[in-house]
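Student: I would like to understand how the labels used for a protein model are justified. Could we go through some of them together, one at a time?

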Amino acid sequence: MIDKEQALLDLLTENPSYTFLQLAERLGVSRKTEATRLKKMKELGSIERVGSDRKGYWK
């Protein structure tokens, strides 16, 4: 696993309710970059979004 993906998983473990913007800020990347990375990880089955974008969480 790439270090950036591991850092993302670590943040989601810390707080599964983080938004795209919060994750991007914590990782020092743009919101679009983070959205792309999350989409790729969802397609690979590494993570899953439960609930809505606004009130959901990452699993």
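Student: Leaving aside its neighbours within four places in sequence, which residues is Arg31 in contact with?

Tutor: This is a predicted model, and in it Arg31 is in contact with Phe20, Leu21 and Ala24 once those sequence neighbours are set aside. For one of these, Phe20, the C-alpha atom is separated from that of Arg31 by 6.1 Å, although the two residues are eleven apart along the chain.

Student: Why is Arg31 called partly exposed?

Tutor: Its relative accessibility is 46%, and since buried requires under 20% and exposed requires over 50%, Arg31 falls in between and counts as partly exposed.

Student: What makes Glu14 and Arg26 a salt bridge?

Tutor: The closest N and O atoms of Glu14 and Arg26 are 3.4 Å apart, and because the cut-off is within 4 Å, the pair qualifies as a salt bridge. Glu14 lies in helix α1 and Arg26 in helix α2, so the pair ties together parts that are twelve residues apart in sequence.

Student: How do you know that Arg37 and Glu34 form a salt bridge, and are these residues buried or exposed?

Tutor: Their N to O distance is 3.2 Å, which again satisfies the limit of 4 Å, so the side chains of Arg37 and Glu34 meet in a salt bridge. As for burial, the label needs a value under 20%; Arg37 has 15% relative accessibility and counts as buried, and Glu34, at 0%, counts as buried too. The two residues are three apart in helix α3, and therefore separated by about one helical turn.

Methods:
Residues are numbered from 1 along each chain as its sequence is written. This is a predicted model: local features need pLDDT of at least 70, side-chain atom pairs count only at pLDDT 80 or more; totals for chains, interfaces and linings use all residues. Side-chain values use heavy atoms; hydrogens and water are left out. Buried means under 20% relative accessible area, exposed over 50%, partly exposed in between (1.4 Å probe, protein chains only). Contact means heavy atoms within 4.5 Å. Helices (H or I, at least four residues) and strands (E, at least two) are DSSP runs, numbered from the N terminus.
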